[in-house]
Amino acid sequence: MKDDLPPMRAAINESKKSKHRFQIGAAIAKGKRILAKAHNSRKTHPIFGSGDYSTLHAESHAIYKAVRQGIDLEGTTIYIYRHNNNLAKPCPCCMGLIHKYGIKDVIYSGSKKSNLL
């Protein structure tokens, strides 16, 4: 249980960086070692330059960051935290990425769901 504290703290800190109305942070860790972390954000349209047109979920953003760095995510744990303490369960698309990259455990908003996949 103590191994869960540093990565969950990282997810909490990431959620505070989000400017989205749903402030969500995610951290991927192996033990206490944090491999990647991210928060949800909105992308600006590449042609028109103004207005938000898409949301990048914290979970997928953290996974993409790790994959781009060549980090093997097999057997890791992802921590997800929503800043207003509501449930931050991964959406079906994020769960698909979690499954695809072999992330073993999902811990969200302080409640652990092991071996969801």
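# Reading burial, contacts and a salt bridge

Trainee: Which residues of helix H3 (residues 92-100) are buried?

Mentor: In H3, the buried residues are Cys94, Met95, Leu97 and Ile98. They sit on the same side of H3, because they cover an arc of only 160 degrees around the axis. That arc is taken from the directions running from the helix axis to the C-beta atoms. As for the words, buried means under 20% relative accessible area, exposed means over 50%, and partly exposed lies in between, with a 1.4 Å probe and protein chains only. Helices (H or I, at least four residues) and strands (E, at least two) are DSSP runs numbered from the N terminus.

Trainee: What should I know about the model before I go on?

Mentor: This is a predicted model, in which local features need pLDDT of at least 70 and side-chain atom pairs count only at pLDDT 80 or more, while totals for chains, interfaces and linings use all residues. Residues are numbered from 1 along each chain as its sequence is written, and side-chain values use heavy atoms, with hydrogens and water left out.

Trainee: Which residues are on the face of H3 turned away from its buried side?

Mentor: There you will find Pro92, Cys93, His99 and Lys100, which are exposed.

Trainee: And what do the buried residues of H3 pack against?

Mentor: Their partners are H2, E5 and strand E6 (105-108). Contact here means heavy atoms within 4.5 Å. Follow the chain just past H3 and you meet Gly102, with a positive phi of about 75 degrees.

Trainee: Which residues of H2 are buried?

Mentor: In H2 the list is Ala58, Glu59, Ser60, His61, Ala62, Ile63 and Ala66. After H2 comes Gly70, whose phi is also positive, near 75 degrees.

Trainee: Could we step back? How many helices and strands does the protein have?

Mentor: The count is 3 helices and 7 strands. Going along the sequence, they follow the pattern α-β-β-β-β-α-β-α-β-β. Of the 117 residues in the protein, 40% are buried. For the contacts with a separation of 6 or more, 54% join residues that are 24 or more positions apart.

Trainee: What do such contacts look like for one residue?

Mentor: Try Ile80, which lies in strand E5. Ile80 has a relative accessible area of 0% and is therefore buried. Its C-alpha atom is 5.8 Å from that of Gly25, although the two residues are 55 residues apart along the chain. Beyond its neighbours within four places in sequence, Ile80 is in contact with a list of residues including Met8, Gly25, Glu59, Pro90 and Tyr108.

Trainee: Is Thr77 in strand E5 buried or exposed?

Mentor: Thr77 is buried, at 13% relative accessible area. Leaving aside neighbours within four places, Thr77 is in contact with Ala27, Ile28, Ala29, Ile103, Asp105 and Ile107.

Trainee: Where is Thr76 placed?

Mentor: Thr76 belongs to the loop between H2 and E5, and at 0% relative accessibility Thr76 counts as buried. Not counting residues up to four places away, Thr76 touches several residues, among them Ile28, Leu35, Gly102 and Asp105. Notice that Gly102 is the residue we met just after H3.

Trainee: What about a strand residue that is partly exposed?

Mentor: Look at Ile34 in strand E2 (residues 33-39). With 34% relative accessibility, Ile34 counts as partly exposed. The C-alpha atoms of Ile34 and Ala10 are separated by 8.1 Å, with their positions 24 residues apart along the chain. Residues up to four places away aside, Ile34 touches Pro6, Pro7, Ala10, Ile28 and Ala29.

Trainee: How many salt bridges does a search of the whole structure find?

Mentor: The search finds 1 salt bridge. A salt bridge is a side-chain nitrogen of Lys or Arg within 4 Å of a carboxyl oxygen of Asp or Glu. In this structure the side chains are those of Glu14 and Lys17, at 2.9 Å, N to O.

Trainee: Why are Glu14 and Lys17 separated by about one helical turn?

Mentor: An α-helix has 3.6 residues a turn, so residues three or four places apart point the same way. Glu14 and Lys17 are 3 residues apart in helix H1 (residues 5-17), so about one helical turn separates them. Their surroundings are worth checking too: Glu14 counts as buried at 5% relative accessibility, whereas Lys17 is partly exposed, with a relative accessible area of 46%.
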